[in-house]
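Visitor: I would like to go through this model one point at a time. Please give the reasoning with each answer.

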Amino acid sequence: MTNATSNLIQHPRPIQTRTNPTTVTGPLPILKIGHVPIGFPVVQAALSGYSDGPMRIIARRLGASYTVAEVMIDRFVLDLKQRHRTRRHLHVTDEEHPVGGQLMGSDPASFGPAAQKLVEVGFDVIDINFGCPVKSTAGSCRGGYLLSEPEVAMEIVSRTREAVPSEIPVTLKMRRGLDDSAKSLDDFYRILDGAFARGVAAITVHGRTVQQKYIGPSNWDFLFDVKKHAGSRTILGSGDLFTAEACLEMLRATGVDGVSVARGAIGNPWIFSQARALAEGLSLPQPGIAEQRRVMEMQFELCLQSSDLAQTLATMRTFGIKFAQQQSHSEETRNAFARIQTIEDWQAVLDRWYPIDECTASNR
Ligand SMILES: Cc1cc2nc3c(=O)[nH]c(=O)nc-3n(C[C@H](O)[C@H](O)[C@H](O)COP(=O)(O)O)c2cc1C
């Protein structure tokens, strides 16, 4: 979790000087990924270390129209005896559909069988990760680094598309390039066009380079250019979506078909219902103490259904720290969540910082 946590530095709302200050007007798009209807164009991104079943279910219950599971390494999916953690991620519940499963790897040959496995366990969409900025420990090229290897990237797309039934859409997640060089830009568009030509149904573009990791803003001008280039082909945008307003702003400023909320949804699943409310011109529903407690207890219960108590407490420690940001005593609450070791500690944090009395009052 250390890597994941260090990725969580949230930058302030991007103050971007847009060379394309165009605003797309009219109603919001209705999102479709291949033949899979999604609807409201605000979805939940793949988030390693976070977007497990419970997080996805809660996002769906609170308005996300689609979610993506955290990335899985192709060869781990194929070697489940060794990989308890991956096995846990190969579980899809009825209420999650439509849900995407994401694969990352370096060997085109293993993508097909791994994608078939994801379809077998119930994922509706297969997403290929060409965005992860973390170097493979084995030194092989995968994730975002494949953006510099268009031939390998396209071979992976072909093998995956051929392996899964035609009604299952295959999608990509890309960063805007390895770096800011002309070659990276050229490679980006070669992969984008090549992937659509090979039958990919939609591409999510994160407007940062691999080299950038999470430093500096996501380039929304780039997203505007990509959507303009893609025409009727489906593009989702990613990067710096920390509020419902930012979600609608990205849709309108770039013309993308959908937006993929990532860090902004960790500890704030209400962002989805808020985006829906905002789109309908309603005032933003703010989660009171009672609502925050209800959702955290829901997540605790959902975690217990899929993992043991120790794992559930570890998950709730991680999420609690993020949920605490909704609280007026956020620092004390955050520190209290960080210390939980037992179910009694968990209960004590809820009772101290989300007391039932106050919950009842905030329900009135
Ligand atoms: C902790 C963490 C885990 C992530 N895991 C994944 C992942 O498994 N697959 C993926 O495609 N992107 C992953 N991403 C990237 C996000 O989906 C998203 O593209 C990125 O965070 C930019 O959006 P944001 O600035 O709104 O957070 C991850 C990002 C973070 C911070």
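Visitor: In which helix does A244 lie?
Guide: The model is a predicted one. The helix in question spans residues 244–254, and A244 belongs to that run. The helix is α9.

Visitor: Is A244 buried or exposed?
Guide: A residue counts as buried if 20 or more other C-beta atoms lie within 10 Å of its own. A244 has 25 such atoms within 10 Å, so the residue is classed as buried.

Visitor: Which residues does A244 touch, leaving aside those up to four places away in sequence?
Guide: A contact here requires C-beta atoms within 7 Å. With residues up to four places away in sequence left out, the contacts of A244 are I271, Q274, A275, L278 and L284.

Visitor: How far apart in space are A244 and W270, C-alpha to C-alpha?
Guide: Along the sequence, 26 residues separate A244 and W270. In space, their C-alpha to C-alpha distance is 9.0 Å.

Visitor: Which strands pair with β11 in the parallel sense?
Guide: Strand β3 (residues 42–44) pairs with β11 over 3 bridges, and there Q44 stands opposite V261. Strand β10 (residues 234–238) also pairs with β11 over 3 bridges, with S238 opposite S260. Both pairings are parallel, and the partners are β3 and β10.

Visitor: Which residues of β11 point the other way from G258 and S260?
Guide: In a regular strand the side chains alternate between the two faces of the sheet. Strand β11 covers residues 258–261, and its residues G258, S260, V259 and V261 are all buried. G258 and S260 point one way, and the other way point V259 and V261.

Visitor: From which domains does the largest nonpolar core draw at least three residues each?
Guide: The core has 101 residues, and those touching the most other members are L103, L147, I203, C247, M250, V259 and V261. At least three residues come from each of domain 1 (27–279) and domain 2 (289–363).

Visitor: Which residues around the ligand come nearest?
Guide: The shell around the ligand divides into 8 nonpolar, 11 polar and 4 charged residues. Of the 23 residues around the ligand, those that come nearest are A45, A46, V71, A262 and R263.

Visitor: What percentage of the protein's residues count as buried?
Guide: The secondary structure comes to 15 helices and 11 strands. Among contacts with a separation of 6 or more, 68% join residues 24 or more positions apart. Of the 364 residues, the share that counts as buried is 46%.

Key:
Residues are numbered from 1 along each chain as its sequence is written. This is a predicted model: local features need pLDDT of at least 70, side-chain atom pairs count only at pLDDT 80 or more; totals for chains, interfaces and linings use all residues. A nonpolar core is a set of buried Ala, Val, Leu, Ile, Met, Phe, Trp, Tyr and Cys residues joined through C-beta atoms within 7 Å. A residue is buried if 20 or more other C-beta atoms lie within 10 Å of its own, exposed if 12 or fewer, and partly exposed in between; C-beta atoms are placed from the backbone. Domain bounds come from an automatic or database domain assignment. Helices (H or I, at least four residues) and strands (E, at least two) are DSSP runs, numbered from the N terminus. Two residues are in contact if their C-beta atoms, placed from the backbone, lie within 7 Å. A residue is near a molecule or strand if its C-beta atom, placed from the backbone, lies within 6 Å of it. Ala, Val, Leu, Ile, Met, Phe, Trp, Tyr, Cys and Pro count as nonpolar, Asp, Glu, Lys and Arg as charged, and the others, Gly among them, as polar. Two strands pair if DSSP finds at least two bridges between them.
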